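Me: I should like to understand the terms used to describe a protein structure. Please explain each one by setting it against its definition.

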Amino acid sequence: MAQEHARTAAAEWTCPMHPEVAEPGPGSCPSCGMALEQVTTPTRSATTEWTCPMHPELVESVPGDCPACGMALEPLTPRIGDGDNTELADMSRRFAIAAALTVPLAIVAMGDLLPGQPVSAFMSPVVRALVEFALATPVCAWLAWPFHLRAYASIRNQSLNMFTLISLGVSVAYAYSVVAALLPGIFPESFRGASGEVAVYFEAAAVIVTLVLLGQVFELRARDRTGSAIRQLLELAPHTARRIRDDGSEEDVPLDSVKAGDRLRVRPGEKVPVDGVVLEGASAVDESMVSGEPLPVDKGPGDALVGATVNGTGSLTMRAEKVGADTMLARIVAMVAEAQRSRAPIQRLADVVASWFVPAVIAVAIAAFVVWALVGTESRLAYGLLSAVAVLIIACPCALGLATPMAIMASTGRGATLGVLFRNAEAIELLGRVDTLLIDKTGTLTEGQPSLVTVVPAEGMDYQRLLVLAGSLERGSEHRLAGAIVAGVEDRGAKLVEPEQVRARPGRGVLGRVDGARVALGNKAMMDKLGIDFGDLGERAEALRREGETVMFVAADGQAAGLMGVADPIKPHAAEAIRALQEDGLRIVMLTGDSRTTAEAVAKELSIDEVEAELMPGRKADVVKRLKTDSVIAMAGDGINDAPALALADVGIAMGTGTDVAIESASVTLVKGDLRAIVRARRLSRMTMHNVRQNLFFAFGYNALGVPIAAGVLYPLFGVLLSPMIAAAAMSLSSVSVIANALRLRSAEV
């Protein structure tokens, strides 16, 4: 599909209830008749394609509902400037109104269950039926209208789903109740109460609609949070770039105007606008967004720059090489969006079951009516009608619809008390089946912040003197490791002094005077240029590097003074967590953008099974794709650079201490960033899926017994005919059993 990144302001008129309707001028909505409202939003000039989150293989050229399952379609490609979620707002409004009408309806319908029958004391059965009719009609007709439309589409497209069940159950219960309320005389005496009234089931229909609307609100909120990860990624890029004209003058231009080959100025503290290469200048650039590593990277002429990374204290002139959809950030956004669409939710099982269950129930209801109409005795048409209604009411999808959501809801609540936040049902389903766990190094296994871990004084140099010289010089330095060294020196009790004549050597280190001594702190190349021999300390420095440390050399008055080793320390409980995960049957693979030397040092200390080092974000996602072919993969990470892999994995696990983008891209969040919680979460996952299977057994077992009885199979032998009132009670009992079983998860021991 063509990509177009120039945005234009497009004015159009749309319906607040049907945002997919877009007209060039004012008027009324062709779907509902509401007055159109004018909107002005930034849009892409290219045509946007739309896909279904449940069926990503379906792609449509216009927005609307999925022809297979009825869910609202989403844009196939990420968009800049997406507005509010109008579908979520609509469903939230519908739920609020439905709840406001259903609560008094339930009170009127079931109030007589209280001692003294208080409802009957204030209104007659006829008046009560009419009140229930007035309260239920807006709920079952207007507020449930989206479900009826989706059910119609499922029938038209021969793809029966849960919306077919919902619409059928609501429509039958409501239609039967309308007839019973307005034309009670057509019913036989055996179906009347003590006062001669015919029972109505308005509250059952209204409660179904309200519960389904609540489920839609929860689902849409989860999908909206998932989309916010992409919006946050898009917002990482700067809005403008400083372009250098051919005559040497400079101008700020919109980022969309930058073309490959343009010369750009990146000032200190600014974000790099696009991917390119350094032409002039030297600086240290924070590339943690891409690599996940906390240490800034020195940049000079010829070095590559990545868009949206943050420049340090130096000024750079760069040449733009990749712009628009070709930048690293754009590719990360595309990978996250594609990965989010690639997973099939657990609710698909209900649709598969419904495709067989719905026609079977309808067939049984029709058969019951026909048989009664042909072989029944007195009032056989009324008996036939009531048997068909009883079949449809008792087969109403309440228990089936609650089987999975109630277990998932109880499980997510229990997980929260364990410090594990589940975003969706498929994460709970799959986590217990995971056999391979990919773990990012920085911020997941390690603290994510560099710190001074090793101080080695040269022979004849006092330890405290070395700390004062190095720490004081770095106080006046803008070196990329200065903060870690200063903090580490102060933690060791050194009293720092003010440095003098501090001079930075970009890419090498820093020089200056401290307490009367000429001090140099930098890398080996800097010391070689100064002609300072470190002797055996050079071998010690190499050994420290093999252990994953970044080593800085310190010289004083032209003589070797010592070494300062900076590293990202491993989290206190990382080793225990890795051991527990391996005992739980998981293969552990560490993914990192850091050097192989550092990665292997960490892996050796933690006894990790495999290591993939020096990975860019796309490479991490490639590893996930490769391993997913024969394994169930979980990915644990905390950074923006982990977002594509987190979204692509079967289960993405984000550290609660990490970036918002990582958390929004993942389906599981560890609140405290402690990997040990994954073991408990896996146990909870297995318990939850066992509970779901139990609930589905209750739901289908109840239908297997209840539908034949409702159809009248016991009448020839025992004279037992199930009235719709008993059918509704049985339907409620099945739902109660499912809910009670699911709530056991709230106190489960894991």
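Reply: Helices (H or I, at least four residues) and strands (E, at least two) are DSSP runs, numbered from the N terminus. The chain has 25 helices and 28 strands. K524 and D528 both belong to helix α16, four residues apart, about one turn of the helix. This is a predicted model, in which local features need pLDDT of at least 70 and side-chain atom pairs count only at pLDDT 80 or more, whereas totals for chains, interfaces and linings use all residues. Residues are numbered from 1 along each chain as its sequence is written, and side-chain values use heavy atoms, with hydrogens and water left out.

Me: What makes K524 and D528 a salt bridge?

Reply: A salt bridge is a side-chain nitrogen of Lys or Arg within 4 Å of a carboxyl oxygen of Asp or Glu. The closest N and O atoms of K524 and D528 are 2.9 Å apart, so the pair meets the definition. In general, side chains of opposite charge can pair when their charged atoms come close.

Me: Why are K524 and D528 called partly exposed?

Reply: Buried means under 20% relative accessible area, exposed over 50%, and partly exposed in between (1.4 Å probe, protein chains only). K524 has a relative accessible area of 37% and D528 one of 46%. Both values lie between the cut-offs, and therefore both residues are partly exposed.

Me: How many salt bridges does the structure hold, and which parts does the pair of D515 and R465 tie together?

Reply: The structure holds 25 salt bridges. In the one between D515 and R465, N and O are 2.9 Å apart. D515 lies in the loop between β20 (509-514) and β21 (517-522) and R465 in helix α14 (residues 463-475), so the pair ties together parts that are 50 residues apart in sequence. D515 counts as exposed because its relative accessibility is 54%, whereas R465, at 29%, is partly exposed.

Me: How do you know that D584 and R686 form a salt bridge?

Reply: Their closest N and O atoms are 3.5 Å apart, which is within the limit, and therefore the pair qualifies. D584 lies in the loop between α18 (574-583) and β24 (587-591) and R686 in helix α23 (residues 677-711), so this pair ties together parts that are 102 residues apart in sequence. Salt bridges also link R242, E250, D252, R265, R267 and E270 in a network.

Me: Why is A662 called buried?

Reply: A662, in helix α22 (residues 660-665), has a relative accessibility of 0%, which is under the cut-off, so A662 counts as buried. Buried residues make up 51% of the 750 residues in the chain.

Me: What does A662 touch, if residues up to four places away in sequence are not counted?

Reply: A662 touches D638, G639, L646 and A654. Contact means heavy atoms within 4.5 Å.

Me: Which residues make the nonpolar surface patch, and what is its area?

Reply: I362, I366, F369, V370, V371, L374 and V375 make a nonpolar surface patch of about 630 Å². Patches are made of residues with over 30% relative accessible area and no salt bridge; like charges are joined within 9 Å, and nonpolar side chains (Val, Leu, Ile, Met, Phe, Trp, Tyr) within 5 Å. Accessible areas come from the Shrake-Rupley method with a 1.4 Å probe; for residues, only the protein chains shown count as cover. I366 is located in helix α9 (residues 348-375).
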